[in-house]
Structures are given as C-alpha cells and as structure tokens.
Amino acid sequence: MIDFLAAAIRIATPLIFAALGGILSERAGVFAVGLEGMMLLGAWAAVIGTWGTGSEMAGIAAAAAGGAIAALAIAIVTVRYRADNMVTGLTVNILALGLTTYLMRILSGSNGPVSVHLDPLPMMPVPGLSQIPVVGTLLFSHPPLTYLAVIGCVLLAFVLTRTQAGLLLCATGENPEAVFAAGADPMRIRMLAVIACGGVAGLGGAVISLQQVGTFTDGMTGGRGYLALASLIVGRWNPWGAAAACLVFGAAEAFELRLQSYGIPVSSYIVQMAPYLIALGVLALLGRTGKLPAAIGKPL
Amino acid sequence: MMTLHRRRRHLSAATVFAVLSVGIFSGSAQAQDKAAILLPGSANDQSWNALGYAIVKSLEPHGFTTAYSENVADADEAEAVRDYAGQGYSIVLGHSGRFVSAMQQVAPDFPKTQFIAVSGNEGAEPNVMSVDYNNAQFGCQVGLLAARMSKTHKVGGIYGLQGVPNITAQAGGFRVCAEKAGAQVTILYIKDMEDAAQAKEAAFSMIANGADVLTGKLNAAEAGLVQAAKEKQVYVTGRGFDQTAIAPDLVLTNIVEDWPSMIGSAADQVKQGKLFGTFVQYGYDTGKTTGASLKYSADKPFGPAVTQAVAKDVEAMAADFASGTLKIVPTEQDARSGS
C-alpha cells in the first residue's frame, strides 16, 4: 500500500506543477491549453541546462525559463494580439514538440543522434521526519522537486487569497474592466500571469526529465499537460483542489500498472485508459457546477 | 525593349542550363541505386527512429545513395511510399510493420521497386517484403538468463503494443522459457513505448512485488526501465550499449538488433535484380546472419554479474535453436499481461 501511494505521489508531481501554473493563467483569464508545450520545453531545457553547465540548479532554472519562453509566445499572441486561447495553446504544444526535436538535432550536429544521460536528482530524506514509520517513507523521502511542488501549493494558495498581487490577478480573470478602473493594467497582469504559468509548468517538465528519468526524449511529456489541465478544472482552480485531483490521477495510473499484475482477463489497452476515463467521468459529474473565471478567454 | 530581349535571352540560357543540369543529375542518380526509408518519428529520437536512420545510412557502403523522410503520419504512408517509388528509388523501406498495407497498395504500380517493412511480419508477392529477427528465440534466451539470475525466483518484462506479433513473440518467449527454468513471470504493458517515466513506474511496481530481474522491449522508454533497476539495484537486460552505460553492474546483457546485416543482405540481392515478396525472419537457425545477438559490450555477450555456468546454459540454448532441436512459437496467451 505504501508503495502504491508513493507511486501515486511520484506520478502526480509533474502534474501538480503544471496544474499550479495553469491556475495562474486561468485565474488571470487565459485558458492554459499550452501546458503540454510549456512542460515539454521545460523538460528539454532542464536536461540540456544541467548537461551544459554541470549544475542541477542551473538545469532547474533553465526548465523554468524554457516553460516561460513557450508561455511568452502564448502571452503575446493571446493577450497582446487577442488571438483565440484554445488554438494558440494547441499550436504552441505542436510547436514545442517540433522545436525540442529540432534543438536536439542541432546539438547532435552531423555526428548522429545525441544521447544525454544524467543521474536523476537524488532523494532528499528530511532528517528526523523520514525515520517515522510509514509516514516518513511516504511523505518525507522524496527528491527535491517533490517538496517544491508542495511548497508551490502553499505559496500559490497564499498569494491568490492573501496578497494584493494575487487578488488583482483573480480580479483580472473575473472583471478586467474593474481592475483597469482601479488603476492597474489588466493586460500586463495577464501577460505576467501566463509567463509565470510557463515557468511553473516548465518545472513540471523538469520533474519528468531531470528527476525521474535523467534524459530527454521526443515528446516525453506524453500528454501529461492535458491531464494537468483536467486536474485544475476538477480542482476548481484552487491549488489544493488541483493537487488533490493530480493525486487521484496519479493513483489511477499507479493502480492501472498494478491491476495488470493481477492478471485480470482484460486487454491492457482497456486498463491503460483508466486515468483518462476517470478524468472524463469526474469532469462529466462536475459538469457546469464549477464557476469558470467570468472573463476567461475574453480578449481585452 | 532591349532590356526585355536581354531578359528573354537570359531566361532561355537559364532554362537550357536548368534542363541540362536536371539531365546530368538525374542521369548520375540513375547510375547509382537509391534507397529511402520512411520513419514514423524523428530521426534523432535516440530510439527506434534513430535506428531506422542508421539502417538506411548503412546501405551507402552497399552502393546506394540514401534519403529519408521523418514523422510520416499513418494517413500519409501510401503517398510517401509512392513518392519515393515514383522518383526511381529501387528500395523503399518503411520503419515499422504498419507500412505493409501502404506498400501492398502501392507496389503493383512499381514492379521493379523493392518495398521492405522493417520489423513487419508479412510480405506480398512479388516485391513487398518484411524483415525481422526471431524475437521468440531471443526472448526465450533472456527468460532463461533472468530465471537463472533471480534470487527471488520472480522476474518481470515490460512491453508496449500488446498483440503486435514481434512483441507477442518476445514477451511470450520470455515467459515460456523463464517459467520453464522455474521463475514466476509477470508481464506489464505500458501505453507508450517512448514514455520513460511510465516504464520506470511499471518497473518499480514489479520490483515492489519481488521481481529482481527485469527485461523489456521498449523504445525510448527502455532508459526508464534501466534507471529503475539502477535505483533499486536489481538486474536488467537492455536493447543497446547505452543501457549498459547507465547501469554497468546491473545490466546482464542486451538484445542488440543487427538491422544493417538483415537489410544489407536483401539490398545486395535487389541490386542484382532479385525481388522479394515474403516475410524473412532471421535467427540462430538462419546461418551467419542471426538478426540479433546478446551483447553486453562490443566484445562481451554478458555483464560481470553473469556466472560462467549461466552464460554457458544461455549459449547452449542458442546452439539448440541453431541446430533446430529447440523451436518456440509463443502464443498471445504466453504474452498475456499479469502473472
């Protein structure tokens, strides 16, 4: 059971980062459809940054920068040029896939495919707490970015509800005219929110490439950005709600892998659908009960 | 007016030069045979498609000029195959068994072109060929190796694309031979053979259930499988020397596929005018070209952990396959997910 829950946490960690980023963007009024592309660029930048500098910290910073660059493109096109959020996000997702592949090719030059293998980020058990039976293994024996995801939840929940910047950001997603009337610049707030979204989602990419695997491969985010998008909707644009939804999806995937081990006479293809079927089911159950930010997707 | 005439003269000269150039270049191209490969993904994916790129490049020493197309979508396969055949390529390779149907569709219009589906499992007379290695034989060898190296007598295999013939052959071969050697086998299928993070989680779940030797037939995801083995200190088999480099103490061996030999052998015969319309499967029983081999490094079949007695038994199995005294045809039931 501990192993199962630990797996759920591991699988959920990249989703949590992406969902937190998505909350920043959507609460400011821009649909976060481009999370997948932001994660992918972050995953690429994390590995190349670490490989190039020899510093994992530099790799993590590069991941945030990579995600932010993808987000900057979305911010300019959707906020400055008022383009459709959905189409722009999907375009950036496709662009990121091609761009990361192309950048790997530039690195390889004419000497064939480049192969980068790094040691994944090490475990950082919390002294003392990690010794507690069961809870210690489950909650206090993780690599660094897992703790950062929890810190991210705490910070974002605080910023959105307890700081002027957070309240202004939420107000921009609800009523940008009122924000303007109050003397703030809703366009600037949206731009910054989307770029911050990219930075945080980029860290989600770093979890996959730098913390879990130690290499970058084409399209390695594998649709996790979309699952994160579903999570933030299920979590009602609340950091803790979204994190809980990510954990549910993580548990579903961990369960799916274990379900196969039991040898139930069902095709693995059916079992593999579990996380997505759960996402669809929950979204259908919630329906329109959740209240979207009132001005989301509406150009300024 | 004068300017216009001059321009016309220049244009005519350019046209003549262009026509001559095309003539010269196409003439020289016809003098040398051409081979092209269609890749379902990117040529530098460090994985299956990179292997495809290496295959077509390996035909250059055989006297072929080569070309490749990347990210060929399912819907574009027939058009891409037709395009190369129409340009006079004598060999058009598709880097997956799924190209067979597109090739069957196009081949009647290009009877002098050899179409080859890499890792396919069916051919069509007279000029659509599939080539693969005998996955069952190598899966079986790895099954024996895993069972003999396991202390818990629990071993696991992680694969993708359940039901695809070469996966069924390797996963089924692994189960049959590992069970015969006394191990309890669990097989898991992940949804994406490129998803290293998911492969790592699948490996963790098996290790948590007691498996201490793992194998798999994955693409980019193979790195996740080996990484999991490294973190949990269990034995693993890979698909290339990259995996040996990740965990040199724990990698027992790799099933290293020798596509240049398999395709090169056919290419040489195509160059002499022969065409193939069958599924050609290489293995220990096909002479010098076995299609794959167990290699830990360029000059060693097994890693340092494998004892001489175990190595001898695994190699004896290869000899039995070669002599025909041992044959294996795994079923989908053998390759089922679970225990």
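**Helix packing in chain A and a mixed sheet in chain B**

In this predicted model, helix H1(A) passes helix H2(A) in a right-handed crossing. The two elements span residues 2-27 and residues 35-53 of chain A, respectively, and they pack with their axes 10 Å apart at an angle of about 125°. Angles over 145 degrees would count as roughly antiparallel and those from 65 to 115 as roughly perpendicular; H1(A) is therefore oblique to H2(A). On the H1(A) side, the contact is made by A:Pro14, A:Ala18, A:Gly21 and A:Gly22, while H2(A) contributes A:Leu35, A:Met38 and A:Met39. Sorted by class, this contact has 5 nonpolar and 2 polar residues, with no charged ones.

H1(A) also meets helix H11(A), which covers residues 239-261 of chain A. Here the axes come within 7 Å and cross at roughly 140°, so this pair, too, is described as oblique. The crossing of H1(A) and H11(A) is right-handed. From H1(A), the residues in contact include A:Phe4, A:Ala7, A:Ala8, A:Ile11, A:Leu15 and A:Ile23. Their counterparts in H11(A) include A:Pro239, A:Ala242, A:Cys246, A:Phe249 and A:Gly250, and also A:Glu253 and A:Arg258. Taken by class, the contact of H1(A) with H11(A) has 19 nonpolar residues, 1 polar residue and 2 charged residues.

Turning to chain B, 6 strands form an open sheet with mixed pairing, in the order S7-S6-S8-S9-S10-S12. Strand S7 (184-190) and strand S12 (292-295) of chain B stand at the edges; each has a single partner strand, so one side of each is left without a neighbour in the sheet. On average, and with direction ignored, neighbouring strands of this sheet are turned by 20° against each other.

Within the sheet, strand S6 (residues 154-160) and strand S8 (residues 213-217) of chain B pair in the parallel sense over 5 bridges. B:Ile158 offers a handy place to look at this pairing: its bridge partner in S8(B) is B:Gly216. Helix H8 (residues 222-232) of chain B packs on the sheet. H8 touches S6 and S8 of chain B, along with strand S9 (235-238) and strand S10 (251-257) of that chain. The direction of H8 makes about 160° with that of S9(B), and because angles over 145 degrees count as roughly antiparallel, helix H8 and strand S9(B) can be read as running roughly antiparallel.

Notes:
Residues numbered from 1 in each chain as written. Chains lettered and ligands numbered in written order. Predicted model: local features only at pLDDT ≥ 70, side-chain atom pairs only at ≥ 80, totals over all residues. Axes fitted to C-alpha atoms, helices over the stretch in contact; angles between N-to-C directions. Helix = DSSP H or I, 4+ residues; strand = E, 2+ residues; numbered from the N terminus. Parallel < 35°, antiparallel > 145°, perpendicular 65-115°, else oblique. Left-handed = near helix turned anticlockwise from the far one by under 90°. Contact = placed C-beta atoms within 7 Å. Nonpolar A, V, L, I, M, F, W, Y, C, P; charged D, E, K, R; others polar. Pairing = 2+ DSSP bridges.
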